[in-house]
Amino acid sequence: MSQNSPPAHGRPGTDAANGEDQSTWDAKGFYNKLAPTKKPKTPNPQNAITIAVSSRALFRMEEEQKIYEEHGVEMYVKHQLEHEDEPFEPGAAFPFVKALEAVNARLRELYPESEELFDVVLMTNHHAQVGVRLINTINHYNLFIERFCMTGGRSLIGYLKAYHTNLYLSSDSGKVGEALGEGIAAATIFSPDKVVEVSDTQLRVAFDGDAVLFSDESEQIVKAHGLDRFFEHEKEHENSPLAHGPLKGFLEALGKLQKKFYAKGQRLECPIRTYLVTARSAASSGARALKTLRSWGLETDEALFLAGAPKGPLLEKIRPHIFFDDQMFHVEGATEMGTVSAHVPYGVAQRYKKSATKKEPAGGK
């Protein structure tokens with residue numbers, strides 16, 4: 001974001017590290033500058049790219065979640081009602097959502113009548129009584145979120161399907177796993193450990209390859225037979241496309257919108273940029289990844305083969321609004337360097353993950 005970006009941690013108007021007043025920073029004023037005050041027409045879900053975001057992914061609700069866990073739903077609802085005029089602070093998914101809105105603004109300029117836009121839906125299993133505070137917060141930051149789904153404790157899966165969801169972001173790993181099991185692209189989002197400025201005008205999305213864009217076929221080889229056999233396998237199957245992974249459809253949706261800008265001669269000014277950030281090495285296993293994307297009619301703007309090197313430092317240079325990976329140690333490394341990251345709990349690597357992790361998802365456990 002700009003140099004006046006809000007702190008990722010701590011209350012607006014205070015310094016996250018020491019609690020000192022930052023009187024020059026105005027949350028409402030800052031976010032109001034990022035979008036016009038007149039809200040445009042909401043697109044039809046069947047035509048739009050639907051991004052479902054949980055309330056705890058979009059806003060910081062650690063205090064409220066603690067009340068719910070320690071005192072139960074009645075005390076939780078009472079607290080929300082008593083504080084419904086106090087807006088929540090921006091959460092991990094907030095910059096991503098603002099970037100989606102920036103892309104929509106550009107699309108509406110070029111295609112005023114088109115409904116091929118991002119449509120953000122707030123998905124939560126909270127009680128409907130909490131809705132007033134969420135609405136007040138959305139209006140406070142002038143977000144273009146017109147669709148709410150508050151299920152009062154019921155599963156979100158049916159609603160995610162009804163909205164033709166292209167991506168679901170949540171702080172609840174259980175709900176994410178349930179969505180993935182139903183074939184819905186989903187990830188558990190984590191807040192960064194430090195503030196890194198991100199673009200106000202260009203949406204940047206970074207993807208891991210195996211078990212994210214692609215299937216976990218190659219990772220199964222690594223786990224079962226080691227790296228040497230993996231390299232042999234990739235050479236033998238270089239011209240055989242990998243099966244698709246859980247987020248292939250989301251990359252496809254991004255590519256579809258990118259082409260709308262290309263058609264207007266704005267390839268270099270496109271407000272969407274995508275990255276493949278993979279632990280594969282270019283020489284021994286990179287060709288199959290690129291050929292797989294080509295066989296799907298897809299591409300990323302940049303492809304970064306790290307040959308096992310840490311991803312965090314490179315992501316710090318890219319500064320994506322979100323980075324997707326199937327392995328928690330990559331997610332943790334990225335958040336430590338300031339990148340909002342999302343864990344995709346898919347594939348064979350989940351059987352080998354640590355029994356416990358210190359990293360908590362956005363909004364608390």
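**Exercise 1. In which helix is the place of Leu 81? Work out its exposure too.**

Solution. This is a predicted model: local features need pLDDT of at least 70, side-chain atom pairs count only at pLDDT 80 or more, and totals for chains, interfaces and linings use all residues. Residues are numbered from 1 along each chain as its sequence is written, and side-chain values use heavy atoms, with hydrogens and water left out.

- Step 1. Find Leu 81 in helix 4, residues 73–82. Helices (H or I, at least four residues) and strands (E, at least two) are DSSP runs, numbered from the N terminus.
- Step 2. Take the relative accessible area of Leu 81, which is 36%. Buried means under 20%, exposed over 50%, and partly exposed in between (1.4 Å probe, protein chains only). Leu 81 is therefore partly exposed.
- Step 3. Look at Arg 133. It lies 52 residues from Leu 81 in sequence, yet 7.5 Å away in space, C-alpha to C-alpha.

**Exercise 2. Describe how confident the predictor is.**

Solution.

- Step 1. Use pLDDT, the predictor's confidence in each residue, from 0 to 100. The protein's mean is 85, and 85% of its residues reach 70 or more.
- Step 2. Find the weak stretches. Residues 1–36 have pLDDT below 50, with 65 contacts beyond near neighbours in sequence. A contact means heavy atoms within 4.5 Å. Residues 354–358 also stay under 50.

**Exercise 3. Trace the sheet.**

Solution.

- Step 1. Write the order of the ten strands: 5-4-1-6-7-12-11-8-9-10, an open sheet with mixed pairing. Two strands pair if DSSP finds at least two bridges between them.
- Step 2. Mark the edges. Strand 5 (147–150) and strand 10 (302–305) each pair on one side only.
- Step 3. Add the twist, which averages 25 degrees from one strand to the next.
- Step 4. Zoom in on one pair. Strand 8 (residues 203–207) and strand 9 (residues 272–278) run parallel, joined by five bridges. Val 205 has Thr 274 of strand 9 as its bridge partner.

**Exercise 4. Examine Asp 326 and its charge.**

Solution.

- Step 1. Locate Asp 326 in the loop between strand 11 and helix 14 (328–336).
- Step 2. Check for a salt bridge (a side-chain nitrogen of Lys or Arg within 4 Å of a carboxyl oxygen of Asp or Glu). Asp 326 is buried and has none. Its nearest side chain of opposite charge, Lys 311, is 6.1 Å away. Lys and Arg count as positive, Asp and Glu as negative; His and the chain ends are not counted.
- Step 3. List some residues that Asp 326 touches, leaving out those up to four places away in sequence: among them are Asp 208, Asp 210, Glu 219 and His 343.

Notes: Axes are lines fitted to C-alpha atoms, for helices over the stretch in contact, and angles run from 0 to 180 degrees between N-to-C directions.
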